Each structure stands twice: as C-alpha cells, then as structure tokens.
Amino acid sequence: MDILEQLVNSVDQNPDAILVVRQQTEQRLPAHQHDKAQLLLVFGGIAYLQTAEKDFYIPSNHYIWIPKNYPHNLMFNTQDLYIINIYFPGENTEAFYNQLGIYPVSKLLAEMLSFSEKWQGDYFAGSWEFDFLTTLRKVLSKENLKRFSIQLPTTDDQRLQAIVASLRSRLHENLTLEGVANQWGMSVRSLTRLFQAKLHITFIQYIKMLRIIRAMELIKDSDLNMTEIAYEIGYSNIAAFSNNFHQLTNMRPTEFKTMSSV
C-alpha cells in the first residue's frame, strides 16, 4: 500500500470519527480526496494548495476549509512550517462548508486550538473531545471573516504557461501588456483574450497577484526590508505596494511579517 492509499484509508477508516493529524504528509502526495471535510491550519510559513482549477496560497495563521471529496494537493518549501489537519465526517448544510475558502485564525479559534494542542488521532461521538471539535467546526461559519483572496488560476495552454513562467522571473521589471505582447509576437488584443479565455483574469490582475505572492515569500524567507522588497517585485512606490498587499491579503506587509514570525 503506497503513502497515498495509507493517508486516504487513515482519514476514512472510521467514517463517523473526527480525525486530528499533526504530521506533515500531504505535501508529498499527488492530488487526492477523502470522504471527510478537512480543516487545514498553517503556522510559521506559506503553504500552497493545488486544485484542478487554481493554486491557493495559505499564509501563516490562516486556515483553509476543504469540502469533502474535493481533489487537492498540499505543498510547501519551508522547514519551520507547522500544519494541523482536522478531518470532519458528516454532511454540512450551510453554504460555508460546501465551498473551499481561506480565512485568518481568529483569537477564539486560536484559543480552542491551544486547548486541544496535544490531541491526535480519532475521536468518536459520545466523547467530550468529539463535542469540542464539533463546536470548533461550527464556530468557523459564525465568525463571518473576510476571505483571503490570492488564488492563481492555472491553465493547460502551453503558450500561456510559457508566458506566465517568464513573468515570474521578471517581476522586478516594468511589465506592461503592450511590452509582453510584443515580446511574444502577439497583439495586445490577442494576449488580453488569451488571459481572459484561459485564466478568466486580466493581465494586470495576474501580475498584481504574482507580485504579492513573491512579496510574501521574500518577507518570510529573506532579510530585505519592505522598501527593498517593493523594488524587488517591481514597485517604485512603497505606498502602492502596501495598498495592493492590503487589498489582496487584508493586512499590511508589516502585519504579515509579524504574523509569519510568530
């Protein structure tokens, strides 16, 4: 039995139990799914969750709710990342639990996680741990928190894949729609249509998200100050960088730095 089968079997082995897992395993696996919904909490770094349609970026002190039977694959590339997975059985009638979404860990949720920090394994109905974890799940939909919104769409279009790969390595440059279209022998109209048809997003929006994702990585993994990071990803104005960062992440770069170092 390979590691993928072991994981799925361990999650679904006891269909009515809530499973708590604190081992870092999913980053090594191909896309998979299970019969339980998944609460995946990230601390100390950035995790990347791939689905068929988008790449999701989960910063420190955030969680992602993954509905049951939703194919996904988790990745990360930092040693100090700490992840908690809680798998929940049963049907969920509220819309919140049937949609994949990323949210900040609130003070209430942090306290509940701290209280249960040593829990590991299956917990069954009738136990107080099961009741506590069920309450924890119910809290999620009641907090009405704003979603973290960086979701990069993916494509199987080879030409667009090459264009996007080139953009990732040139974020420090003044990237314009006209300049990139010229470089690839396309008209502005054709490149605009390609982004909208294959990625369902504008060129400008895609560049903005690429830059903020790179900023998150630099904030976490480098000693550059905020001004240096802004220049490194193509901003000549620190205020514009801070405003765009806030627009996409609901926090300022300095707040993200503090959160990532906790």
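How are helices H4 and H6 oriented relative to each other? I shall begin with that pair, and then move through the two sheets and the other helix contacts. Please keep in mind throughout that this is a predicted model.

Helix H4 covers residues 158-168 and helix H6 covers residues 188-198. Their axes lie 11 Å apart, and the packing angle is about 100 degrees. An angle from 65 to 115 degrees counts as roughly perpendicular, and H4 and H6 are therefore roughly perpendicular to each other. On the H4 side, the contact involves Leu 160, Ile 163 and Leu 167. These meet Leu 191, Leu 194, Phe 195 and Lys 198 of H6. Sorted by class, the contact of H4 with H6 comprises 6 nonpolar residues, 1 charged residue and no polar ones.

Before going further, a word on confidence. The mean pLDDT of the chain is 88, and 92% of the residues reach at least 70. Among the elements of the chain, helix H3, residues 128-142, has the highest mean, at 96. The lowest mean, 71, belongs to helix H1, residues 3-12. Where pLDDT is low, the predicted coordinates should not be read in detail.

Helix H3 brings us to the second helix pair. Helix H2, residues 107-115, packs with H3 at an angle of about 160 degrees, the axes being 11 Å apart. That angle makes H2 roughly antiparallel to H3. The crossing of these two helices is left-handed. From H2, the contact draws on Leu 108, Leu 109, Met 112, Leu 113 and Phe 115. From H3, the participants are Trp 128, Phe 132, Thr 135, Leu 136, Val 139 and Leu 140. By class, the contact of H2 with H3 contains 10 nonpolar residues and 1 polar residue, with no charged residues.

I turn now to the sheets. One is an open sheet of 6 strands, in the order E8-E5-E2-E7-E1-E9, with antiparallel pairing. Its edges are strand E8 (101-104) and strand E9 (121-123); each has a single partner strand, so one side of each is left without a neighbour in the sheet. Direction ignored, neighbouring strands of this sheet are turned by 20 degrees against each other on average. Within the sheet, strand E2 (residues 37-43) runs antiparallel to strand E7 (residues 82-88), and 7 bridges join them. Phe 43 has Tyr 82 in E7 as its bridge partner.

The other sheet is also open; it has 4 strands in the order E6-E3-E4-E10, again with antiparallel pairing. Here strand E6 (73-75) and strand E10 (151-153) are at the edges with a single partner strand each, so one side of each is left without a neighbour in the sheet. The average turn between neighbouring strands of this sheet is 20 degrees, direction ignored. Strand E3 (residues 47-50) pairs with E6 in the antiparallel sense over 3 bridges, and Gln 50 has Asn 73 in E6 as its bridge partner. Helix H7 (residues 203-221) packs on this sheet, where it touches E3, strand E4 (54-58) and E10. The direction of H7 makes about 130 degrees with that of E10.

Helix H7 also takes part in the final contact. H7 and helix H9 (residues 238-249) pack at about 95 degrees, with their axes 10 Å apart. H7 and H9 are therefore roughly perpendicular to each other. Lys 208, Met 209, Ile 212, Ala 215, Met 216 and Ile 219 are the H7 residues in this contact. Their counterparts in H9 are Phe 241, Asn 244, Phe 245, Gln 247, Leu 248 and Thr 249. By class, the contact of H7 with H9 has 8 nonpolar, 3 polar and 1 charged residues.

Technical notes
Residues numbered from 1 in each chain as written. Predicted model: local features only at pLDDT ≥ 70, side-chain atom pairs only at ≥ 80, totals over all residues. Heavy atoms only, no water. Axes fitted to C-alpha atoms, helices over the stretch in contact; angles between N-to-C directions. Parallel < 35°, antiparallel > 145°, perpendicular 65-115°, else oblique. Contact = heavy atoms within 4.5 Å. Nonpolar A, V, L, I, M, F, W, Y, C, P; charged D, E, K, R; others polar. pLDDT = per-residue confidence, 0-100. Pairing = 2+ DSSP bridges. Left-handed = near helix turned anticlockwise from the far one by under 90°.
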